[in-house]
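Visitor: Please take one part of this model and go through it closely. I would like to hear about a sheet, its strands and what packs on it.

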Amino acid sequence: MSTPPTPVKMASMPSPPSAPPPAIADETQESDVRPPFIYIPEYVDFKSVQRCLEDRRISFVTVNSATFSGELQLKKRPYQQFLVLERDHFTLFSHYHPSVKFSYRSRNAVMSLLWRSTWFSDMTRTKFVVVDGLWQLEQLPVLCFAFGLDADTLCSSYLIDDNTTHEYYESTATMDMAELATVAQGKGNLCVSHFFVVNRGKEYWAVDTKDPSISYAFGPSTKTHTVSRLADGSMTVQTLIDEGQPHARIETRTSQTPEFTLRDINGEEVVEGDNFVLQIRNERDEDEGAENEWDTMFNGKDWLDIFDHTDDGSGLGVVAHGTVDCGGTFGMAVVDGITYITYEGKYLQLGDSDHSLDVVVLPDLPSESTRIQIGYSNDGDITLTQWGTTKVITCEWIKASYGAIYLCDAKDVSIPDEVLRMQLIKT
């Protein structure tokens, strides 16, 4: 487990860190900004409202309470939903449902749901409760500190990021956990009190609020698993440390052995010209009691898939996909004795500094630093690692049907299920 950097006092502490506030338009500028909207009457002090990750994607518009009405605004924008801030709550107006009043503690969760076409069904399935006439999530939000320059790289579609509040620190000096703990302690009952999260790039630390010398480091691939157990109270930072981090059962080699052979689920050799799909194994399939998760093909399983992440179609990324279809159809190629996984004649490889994704598909042969090593786990599943390193490709299930693919150091993988483990099935 990695350790947090040596604390250095930040000049802006212990005052709460902050990022520049979101741009706020007035009513005359409303046509120039895009929905969804948050309307702010003049009597609401927006500076006192707790910041949220979703604020970066919302248009804020100030209004005159003497002339503004949420009901009338809804008639002007009948197929849009929007929020109106009040001093002690906010109201969601929607064409699809009567207006609902919410507690501020769940503002980020509500705003993240608004981006989804199934927002109301998602909201009713989520653990919202009504307290003193206000809807709120049963679980308190998690306080997260993010480096301001990293804010736009945070993925607000992660379910674990929904129920959060955020503070931003701007100093390029190393963050001081004790100073951040002082800010966290000042939040009172507005968020989970026994821990907070600090983020810098792809590094995260869960920190004990009462004793900030106790911290637990983790990466993006283990974020959901780690933070959810802390947030629901089933673990503390110390018990996470005491639990340890069992290494996933993988083999990491500096190169493929000369006798390496790519084989399918039945042990048959795969050669150039063969087409195949890659079915992902994970513990959720095993927990559902399937007798043999590999027996039934194309039946709501999980697959390695390809998606286009650029407007011109030139960028292909790799994703885990839960679907009744079979995912991407792959092939293989052997170049200079090295086996590569291919997709439509392009090579599966790691993204470099020019790519925002960890795993991509490109037409050029990978360099040694972006080459992917194909290997096998102890139980025969196919695993992928970075060539010549102990870094392994992992999968974090963001939703029931979507998993993000990351490159992670094997020593930081906390549970075996997070290693991308696959079986090759010829088509």
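Guide: The model is predicted. Just ahead of the sheet in question there is a hairpin of β7 and β8, with 2 residues between the strands, and D132 in this hairpin has a positive phi near 55 degrees. Its strands, β7 (residues 128–131) and β8 (residues 134–137), are antiparallel and share 4 bridges. One pairing in the hairpin sets V129 against Q136 of β8.

Now the sheet itself. It is open, has 5 strands in the order β10-β9-β11-β12-β13, and its pairing is mixed. The edge positions belong to β10 (164–169) and β13 (215–218); each has a single partner strand, so one side of each lacks a neighbour in the sheet. On average, neighbouring strands of this sheet are turned by 25 degrees against each other, direction ignored. For β10 the partner is β9 (residues 142–147): the two run parallel and are joined by 6 bridges. Within this pair, L143 lies opposite T165 of β10. Helix α5 (residues 177–185) packs on the sheet, where it touches β9, β11 (195–200) and β12 (203–208). The direction of α5 makes about 130 degrees with that of β11. In a regular strand, side chains alternate between the two faces of the sheet.

Further along the chain comes helix α6 (residues 223–231), in which K223, T226, V227, R229, L230 and A231 are buried. After α6 comes G233, with a positive phi near 85 degrees.

Technical notes. Residues numbered from 1 in each chain as written. Predicted model: local features only at pLDDT ≥ 70, side-chain atom pairs only at ≥ 80, totals over all residues. Heavy atoms only, no water. Pairing = 2+ DSSP bridges. Buried < 20%, exposed > 50% of the residue type's maximum accessible area, 1.4 Å probe, protein only. Axes fitted to C-alpha atoms, helices over the stretch in contact; angles between N-to-C directions. Contact = heavy atoms within 4.5 Å.
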